[in-house]
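Reader: I work mostly at the bench, and I would like to learn how to read a structural model step by step. Could we go through one together, with the general idea before each case?

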Amino acid sequence: MTESTPTVGRHVIIPKDGLQAVFDSLMSAGYVIVGPTVDQEAIVYETIENIAELPVGWTDDQGPGQYRIRQRDDGKFFGYVVGPSTWKKYLYPPELTLFTCRQLDGELQFETRQEVSKFALVGVRGCELAAIGIQDRILLEGLYQDPHYRNRREQAFILAVNCTEPGETCFCTSMKSGPRCDSGFDLALTELPDSFLLEVGSELGAEMLLKSSWKHAGAFDLNQATKLLDQAENHMGRSMETSDLPELLYTNLDSKRWDIVSQRCLSCTNCTIVCPTCFCTDVLDTSDLTGQQTERKRVWDSCFSSDFSYVHGGNTRPNIRSRYRQWLTHKLASWSDQFGELGCTGCGRCITWCPVGIDLTEEISAIREGGLV
Amino acid sequence: MESQELDELLQIKPWFQALDPAHFQKLIDIATVASWSEGQIVFDEGDQVDLLYLVMEGRVALEMYIPDRGRRTILTVGPDEVFGWSAVVPTSGIRMASARAVTQTSAIAFDSQALREACEKDHDLGYFVYRRLTNIIAGRLSATRLQLIDMYGKERN
Amino acid sequence: MTVIGTASEQHSAPDIKNRDPMVPYAAVVEKIIHEIADTATYTVVFKDAVVQEQYQFLPGQFNMLYLPGIGEAAISISSDPADPGTLHHTIREAGNVTGALARHRVGDTIGIRGPYGSAWPVEAAVDMDLIIVSGGIGLAPLRPVVYHVIGHRSDYGKVTVLCGARSPADILYPDEFDSWRDHDIEVIVTVDRADKNWSGHVGVVPMMFYRLRPDHTRTIVFTCGPEIMMRFVVYEALARRIDKGRIYLSLERNMKCAVGFCGHCQYGPAFLCRDGPVLSFEQIEPFFGVEEF
């Protein structure tokens, strides 16, 4: 059944099971679909092929240091927010071979390989879309570009989802990153009670819709979606005042609050692992037994790790206090000098996944109040 | 040296430019000029303290004797720098270090007794002199601290 | 609040846009000069003649030297920027990579990528008096400035090098000082601790400012050495009313990528591999005194 392609910028409606046709089109086009699925009592991002693998009828309950999933009494496909996975897993993987080096007769031969995997990222929320945009700024728009990220990013298909049920630790509205997805996607989905409303973001997105029994969205559908999103905007779990950032942190480098929060922080690096914008990495050099063939890998690192700022002779950040301060002041102060925007998109993961429940929105408020409590 | 030559020598020193003529004269009156050839000892550790020196030209090494390490230079002072300040800070009455001219050196010397008396009689002059000396001693202390913490650290194993 | 300048295209790494920035070029160790204990200068030549010809650097920049299977180290280039065909790296043994490098011989092949980092602002110093203050190995990234001055002597006013070291045996490049003096550059050398034979200055290098009478309206200071030494150099310079925008320091932090991605070398908003390592005191003032920053 050939239909004319929906135009970019238009909204269409598809029945919920029509999403499978989108999946099928993506797979036919060579994409590996990655999206949310239930695994080990969490909603994580994995390779999926069937819409039944999505967490249909699941939701999550989050709080500082708390995460549980439970079943809902409706069959919503996207009735939860973000979990411990981020899209970094695919675009900026935890481990990546930079090159192999072969030593032959005094020659050094460097070999790089670009694995060509086209990923279709399904279920990208507003905060995540913003985070991907932030990583684009860092990895593609500076003096140097990361060719590995560029390769994966340019080939990635993005099916975004507008959040209609914000979580307890969410504060995307404060960071102006959601709940609506405005741009940067191929398709953006809003879940209505009996259908999916899809905004066509690109020609590629339109193409993937062709076989999904789509029809143009009517005013009623659009209104419903608008209402849901407006509601979402007003039900954020948390908020963070950002008008005085970055100055607030630059002028409070000696706040007592750092001492207080560092009593709780375990420097476990969970927050940096689950943060969608954190980009610090380390390099690992390995060798075969003869030393003739060596490999250099890039791996995720964290400014919380004790050796992060080791210089010969000592460590410039030798304790948790200085490292926590580095993380927060980077995320919400220095980042804006470096990249022209703040580094946080309000996804709330660091709050949820901190084993002791440190909440950066609370820390910022406390610093603002003078840091004494 | 003629008082007039001394006059001229001192006038160009930044120290003295801030002095009013009356105070300047009082200092001139108790100042003498000393000079040493290369290697000559100015004073030894343990000597009675008598003179405060302001180096005009040359270089003086301040040394201390450490048993089984011998004499070590702990600091060198050059033109416009003061040494022998223990002359005006009555602590032990004996020199804490030796001073030796490293090159041909000349200096203005102030008799410590006379200097103290002049300061006693004229407190304004005294304030000026001690203020200058405090600055010098503070600077020395700061420098000594840096030497003490060994700022190059693990540079050599 | 602070404006750390974003890096401009001062880097002249060949083919900068298209190349994978993490992959080194092969280079041969052409010469090794033993300088002082644990410190040697390695001269390297790129294997690829085109790269060798195109390679340029600015004074103060550094390369990442790669030893396969062992790792990389950020090493300042210590040679004359006007002669980029001769690349010197003065390296002190301080860790795994530099330790392994010390066991290399002439003819061995290593990996090099660069140059990276911000440069000493030799252009801004034209028609001014320049005070160069080095502590220990800090003279290595400053030596290119001295060479630049020698090559353009009439562009600069009074030029002074204050060279500090822990002891006489730790003075770097002592045999060159006279040739620098021949080019109307005052070189004052001091040690923290004298040995029996030393007849020069004894005292920490910031105190050597007392030897000078800088005209604060036209003096620029470049300094590199242990951070505490640089702190006191800054105090002495400020005490002589030299403007904080005219005092430049070269800072050092842990570096893994040198291209602004790994995050390790951050100093406040500055990536020392890109906005630094050379920064003015004005730029870093808000952070310089903060403990454990």
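Reader: How many helices and strands does chain A have?

Author: In this predicted model, chain A has twelve helices and 16 strands. Its radius of gyration is 22 Å, close to the 21 Å that the globule rule gives for 373 residues, so chain A is as compact as a globular protein of that length. Along the principal axes, its C-alpha atoms fill a box of roughly 70 × 65 × 40 Å.

Reader: What share of the residues in chain A is buried, and what share of the contacts with a separation of 6 or more joins residues 24 or more positions apart?

Author: A residue is called buried if 20 or more other C-beta atoms lie within 10 Å of its own. By that criterion, buried residues make up 46% of the 373 residues in chain A. Of the contacts with a separation of 6 or more, 72% are between residues 24 or more positions apart.

Reader: Into which domains is chain A divided, and how many residues of each are in contact with the other?

Author: Domain 1 of chain A takes in 11-101 and 114-233, while domain 2 takes in 247-281 and 301-368. Taken over C-alpha atoms, the centres of these two domains are separated by 27 Å. Where they meet, 27 residues of domain 1 are in contact with 23 residues of domain 2. On the domain 1 side, the elements that give two or more residues are β5 (66-71) and α3 (126-140) of chain A, and α3(A) gives the most, with eight residues. By class, that side has 15 nonpolar, nine polar and three charged residues.

Reader: Is α3(A) largely enclosed or largely open, and why?

Author: Eleven of the 15 residues of α3(A) are buried, so this helix is largely enclosed by the rest of the structure. Among the buried ones are A:Cys127, A:Glu128, A:Leu129, A:Ile134 and A:Gln135. What covers them includes α2 (88-91), β8 (118-124), α4 (147-155), β9 (157-161) and α10 (320-339) of chain A. From its first C-alpha to its last, α3(A) reaches 20 Å, close to the 21 Å expected at 1.5 Å a residue.

Reader: How should I read the contact between chain A and chain C, and how many residues does each chain give?

Author: The size of an interface is often given as the accessible area lost when the parts come together. Here the description is by residues: the contact takes 36 from chain C and 44 from chain A. The chain C side divides into 18 nonpolar, twelve polar and six charged residues.

Terms used:
Residues are numbered from 1 along each chain as its sequence is written. Chains are lettered from A and ligands numbered from 1 in the order in which they are written. This is a predicted model: local features need pLDDT of at least 70, side-chain atom pairs count only at pLDDT 80 or more; totals for chains, interfaces and linings use all residues. Domain bounds come from an automatic or database domain assignment. Two residues are in contact if their C-beta atoms, placed from the backbone, lie within 7 Å. Helices (H or I, at least four residues) and strands (E, at least two) are DSSP runs, numbered from the N terminus. Ala, Val, Leu, Ile, Met, Phe, Trp, Tyr, Cys and Pro count as nonpolar, Asp, Glu, Lys and Arg as charged, and the others, Gly among them, as polar. The radius of gyration is taken over C-alpha atoms; the globule rule is 2.2 Å times the number of residues to the power 0.38. A residue is buried if 20 or more other C-beta atoms lie within 10 Å of its own, exposed if 12 or fewer, and partly exposed in between; C-beta atoms are placed from the backbone. The expected span of a helix is 1.5 Å times one less than its number of residues.
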